[in-house]
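The following report describes how helices and strands are arranged in a structure with more than one chain. Please keep the sequence and the coordinates at hand while reading.

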Amino acid sequence: MAALLSEEDRKYLVDLFEKELKGEVKILFFGSKRKEECEYCDLTEQILQELAETNNKITIETHDFDEDALVKKYNVEMVPAILMLDSEGNDMRIRYYGIPSGYEFSSLIEDVIATSKKGEVDLSSSTLKKLEEIKSPLKLQVFVTPTCPYCPRAVLMAHKLAMKSPNIIGEMIEANEFPDLSMQYNVSSVPHIIINEGEGEFVGALPEDAFVEQIMSVVKGV
Amino acid sequence: MPLFNLSNVSKPKETNYDVAIIGAGPGGLASAIYAGRAGLKTIVFEKSTEGGQILLTDMIEDYPGFVSISGNALAENFLNHAKAFGSNFTNEEIIEADLTSKIKRLKTDLGNEYTAKTVVIATGSNPRKLGVPGEEEFMNRGVSYCAVCDGSFFKDKRVVVVGGGDSAVEEGLYMTKIAKEVTLIHRRDKLRAQKIAQERAFKSKMKFIWDSVVTEIGGSKNVEYVMIKNLKTNETTKYPTDGVFIYVGLIPNTQIFKDQIKTDENGFILTDEHMETNLEGVYAVGDVRKTPLRQIVTAAADGAIAVIDMTKYFD
């Protein structure tokens, strides 16, 4: 199959990773043999393989959604799915459901860099303080389309919060690939963020403070 | 659109600059190109993805040098051009700005502070809301301001497009490729869009409702209808639809500068012919400026004029 990454982008990533990657990054990919149920599994796996070839700190592990024990361990809910582990094997608590294509490819790259730094990300001190108040599990599902230029901001915000709080799972969900789930949450405008499976929701790539405020209002049950 | 887009991977950064450009649409990116070429240490702030409004446009046919290019591809060209001349980029939103003193101070949503000797405000504009009952309520239930973002949710469904300018007609045409039915509702009896787009619209499957405004968006869970009032007959009718795409003008993103920068009554920033605002060393370019024309080519030209003038502060 022809390479998905252009030569120019490949070189860009080689340079970027050479400069930015600190430690090792293990990317876990979950696919399915039942191709009719996972149209984008092959494409997702291929782009990850090409990504891994740009720097030897990145490794890809492929798992089968239907038979793998890790599905349960990491609570993988659908495919294609991507998650990342740092050099000590810590789950960064970020999930990609659906192919991270279009603008979301940038999110994937940012996450690889953050994972190589063991989840060191740029968040304000007031946000970090508020995250300490989160004591029970919190799920952030960010519904996106690959053509939405506002969406990576919301995805990265959810992912950064997940990296910094042991209770948060931050998911990207490519809305077109999971129409039933999108329909269940009435997604018709993206980014659409669902908090704890419907306890809270909002639409739009809010600035950090406002984004965190939305989450805290669910946490505090306001 | 490239299948895998790398445009908004951010780069490492310092905090003191010659030029801070707020917004990475065509105006901001053209400023960055000229600033880089002038040897000025430059940073560009972009809160979402570099490219600005052109990312919301499917195809562009009125930027010189390109008979037809996707908004996405043109944005990438602009960005690569700016990076080639050394500008720094960061994905942060400016939430506070002190522009009155000689050294300008900018604070971002991540809590970082930057300084710059000059500032280019290139924050563009957001879609204006219709301001009718149901619009807020159905914001995430069928009301949209971005056809390229949300169009795919309306595959084989019925949508209405509100407005008669370039955006309404072009994005309506984009929707004719996806939706089963596209109806454009316009308050006048003819379109304001460029003639060539009008002709395409008339040849397409798009339907038109003239001299009419939407007075309400309604439904149970999702949008099911709009109420349309004919301005000539004053008759109101219920029109079934699954989606409402709204393109009725722009609101400039000037809220955080309001106390310091002079604007017109609609919030668009007033500048002199060199794009300089009422504050020394602070410039405004592109859609955010009070200007007779808001096109990619005029935004880019604004950026060039601003930065050439700005070099007087560095001589």
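Two residues are taken to be in contact if their C-beta atoms, placed from the backbone, lie within 7 Å. The model described here is predicted.

With that criterion, A:E104, A:S106, A:S107, A:E110, A:D111 and A:A114 in α4(A) meet A:C151, A:P152, A:V155, A:L156, A:H159 and A:M163 in α6(A). Sorted by class, the residues in this contact of α4(A) with α6(A) are six nonpolar, three polar and three charged. The two helices, α4(A) and α6(A), pack at an angle of about 25°, and their axes are 9 Å apart. Because angles under 35 degrees count as roughly parallel, α4(A) is described as roughly parallel to α6(A). The crossing of α4(A) and α6(A) is right-handed.

Both helices also belong to the surroundings of a sheet in chain A. This open sheet has eight strands in the order β2-β1-β3-β4-β6-β5-β7-β8, with mixed pairing. At its edges stand β2 (58-64) and β8 (200-203) of chain A, each with a single partner strand, so one side of each is left without a neighbour in the sheet. From one strand to the next, the twist averages 20°. Within the sheet, strand β1 (residues 25-31) of chain A and strand β3 (residues 81-85) of chain A run antiparallel and are joined by five bridges; A:F29 stands opposite A:I82 in β3(A).

The table sets out how each of the two helices lies with respect to the strands.

| Helix | Strands of chain A | Angle |
|---|---|---|
| α4(A) | β1, β2, β3, β4 (94-97), β5 (138-144) and β6 (168-174) | about 135° with β1(A) |
| α6(A) | β4, β5, β6 and β7 (192-195) | about 155° to β6(A) |

Thus α4(A) packs on the sheet, touching strands that include β1 and β6 of chain A, while α6(A) lies across strands that include β4 and β7 of chain A.

What does each chain bring to the contact between chain A and chain B? The contact takes 35 residues from chain A and 31 residues from chain B. On the side of chain A that touches chain B, the elements giving two or more residues are α1 (7-20), α4 (104-116), α6 (151-164) and α8 (208-219) of chain A. Of these, α4(A) gives the most, with four residues. By class, the side of chain A that touches chain B has 17 nonpolar, twelve polar and six charged residues. The helix α4(A) therefore appears both in the packing on the sheet and in the contact with α6(A), to which α4(A) is roughly parallel.

Conventions:
Residues numbered from 1 in each chain as written. Chains lettered and ligands numbered in written order. Predicted model: local features only at pLDDT ≥ 70, side-chain atom pairs only at ≥ 80, totals over all residues. Nonpolar A, V, L, I, M, F, W, Y, C, P; charged D, E, K, R; others polar. Pairing = 2+ DSSP bridges. Axes fitted to C-alpha atoms, helices over the stretch in contact; angles between N-to-C directions. Parallel < 35°, antiparallel > 145°, perpendicular 65-115°, else oblique. Left-handed = near helix turned anticlockwise from the far one by under 90°.
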